[in-house]
Amino acid sequence: MHELILHHYPTSPFAEKARLLLGFKQLSWCSVTIPPVMPKPDLTALTGGYRRTPVLQVGADIYCDTALIARRLEAEKATPALFPEGQEFNAAALAQWADSVLFLHAVSLVFQPESMAVRFAQVPKEFVEIFSKDRAQLFANGSISRVPLEQAKSHWPVLMARLRQQLSRDEGEFLFGAAPCIADFSVAHCLWFLKGTPVTAPLVDDYPEVAAWLGKVLGVGHGSHKALDAVDAVALARDSEPAQLPGEVFTDPNGFEAGQQVAICAADYGADPVVGELVFAGAEELILRREDERAGVVHVHFPRLGYRIEAR
C-alpha cells in the first residue's frame, strides 16, 4: 500500500484544511513542500499543469482539490466520518459554500493593504511583486473575480451571525453534532487564514463562540507526518502503477467517452487545463490518464463539481 503524500506549503489555507483532514483521520503522511507561486516543476510533472494547492499523491494517483481529497481520505479510513450519516448532503453543501463564498470573502479581507503589509513585512520586495502577479493570474481565466473589499466587510457580520446561529444548536459542539465533519474543516480553514495577522484576526476573535469552536477544530492537529523531497515523490510515481479504476459505470451527460482526449480545469479560478485521456467519469470524480517523462503514467483525479471538460 502506498503512503499518502501531501504537496503543500505552510501558509496555504486549503493546505491547512487538508492537513486537518489528515489529522482528523489520524493518518500518517509524507509532506512535500511546494513553491507558493508558479513555476512548480515537480508538482506539474505529476498534475500536468494543475496549479492549485494542495495536491494529494497516492503512488501514481494524483488527487486535485480538497473536495475530492476529503472523499479519498474517507475511502482510506471510514471512521471518524467526514460525511456523517444522515447529514451527508448538508455537510457537503455547507463545505462547498465555505470553500467558495466564505473563502473568497476571506481572501478579499486578507489581501487588503493593511493586512498584506503585515504579512509581507519581512519578505523581499521582489517576492511580493512575484506573488502579486501570480495571484492576479490565478483569477485570469476563471468564471469569478475577487469580492470587492467594501462588499466583503459589509457581508462579514452576516456570515458570522449565521455561523453563530448554527453553532448555537444543542446537538453538539460542532456544525453538525458532537464531532467535526467536512463542513467544520471547510469553514475553519477560511477563519484560520484570517487569524494570520492582527489586522484580520479580530474578524474571528470578536465572535467568542466562533473563536472557541475554531480552536476545537484546529485542535485535531495534523496527524503524524515526515518530510519527503519533491524529486523523490516524482520518482515514486514513476515506479508505481495507477490504482484500479472505480467499479462505477462510466457516464457523462455531455457525451464524453472513455479513451477520449480532453482537457479538465477548474471552472472558477486557477483554470489551468490538464490534458490527457479520460478514463473514468463517475458521479463525483473524473480521472485523466497522462504520461510524463519524469513521472511516468499517472492518473490525475478531479472532482466533477466545479470543474469543466473540453474536447481536445
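Arg290 is buried, with a relative accessible area of 11%, and that makes this arginine a handy place to start looking around the predicted model. The residue sits in strand 8, which covers residues 285-292. Its side chain has a polar atom 3.2 Å from the backbone oxygen of Ala45. Setting aside neighbours within four places in sequence, Arg290 also touches a run of residues from Thr44 through Ala45, Leu46 and Thr47 to Gly48. Other contacts of Arg290 are Val274 and Val275, together with Gly296, Val297, Val298 and Val300.

Now for the overall picture. The protein chain is built from 11 helices and 10 strands. Its C-alpha atoms fit in a box of roughly 50 × 50 × 40 Å along the principal axes. A compact globule of 312 residues would have a radius of gyration near 20 Å, so the 19 Å found for this chain agrees with that picture. Of the 312 residues, 49% count as buried. Among contacts with a separation of 6 or more, 70% link residues 24 or more positions apart. The accessible surface adds up to about 14,200 Å², and carbon and sulfur atoms supply 54% of that.

The strands come together in an open sheet of 10, in the order 5-2-1-3-4-9-8-7-6-10, and the pairing is mixed. Strand 5 (224-227) and strand 10 (307-311) are the edge strands; each has a single partner, so one side of each has no neighbour in the sheet. From one strand to the next, the twist averages 35°. At the strand 10 edge, strand 6 (residues 261-266) is the antiparallel partner, joined to strand 10 by 5 bridges. Ile264 faces Ile309 of strand 10 across this pairing.

Helices lie against the sheet too. Helix 1 (residues 13-24) lies across strand 1 and strand 2, and runs at about 160° to strand 1. Helix 11 packs on the sheet as well, touching strands 1, 2, 3 and 9, with its direction at about 50° to that of strand 3. Within helix 11 (residues 230-238), the buried residues are Ala230, Ala233, Val234, Ala235 and Ala237. Their cover includes strand 1 (4-8), strand 2 (28-33), strand 3 (55-58) and strand 9 (296-303), plus helix 2 (41-47). At the N-terminal end of helix 11, Asp229 acts as a cap: one of its side-chain oxygens lies 2.9 Å from the backbone nitrogen of Val231.

Two more residues are worth a quick visit. Trp156 belongs to helix 7, which spans residues 149-167. This tryptophan counts as buried because its relative accessibility is 1%, and buried means under 20%. Leaving out residues up to four places away in sequence, Trp156 touches five leucines by name: Leu102, Leu109, Leu191, Leu194 and Leu203. His105, Ala106 and Tyr207 are also on its contact list. Tyr269 is 113 residues from Trp156 along the chain, and the C-alpha atoms of the two are 22 Å apart.

Gly255 makes a nice contrast. This glycine is found in the loop between helix 11 and strand 6. With a relative accessible area of 47%, Gly255 is partly exposed. The C-alpha atom of Gly255 is 47 Å from that of Pro113, a residue 142 positions away along the chain.

Key. Residues numbered from 1 in each chain as written. Predicted model: local features only at pLDDT ≥ 70, side-chain atom pairs only at ≥ 80, totals over all residues. Heavy atoms only, no water. Buried < 20%, exposed > 50% of the residue type's maximum accessible area, 1.4 Å probe, protein only. Helix = DSSP H or I, 4+ residues; strand = E, 2+ residues; numbered from the N terminus. Contact = heavy atoms within 4.5 Å. Polar contact = N/O pair within 3.5 Å; in protein donor to acceptor, adjacent residues only side chain to side chain. Pairing = 2+ DSSP bridges. Axes fitted to C-alpha atoms, helices over the stretch in contact; angles between N-to-C directions. Rg over C-alpha atoms; globule rule 2.2 N^0.38 Å. Areas by Shrake-Rupley, 256 points an atom, 1.4 Å probe, with all protein chains shown as cover.
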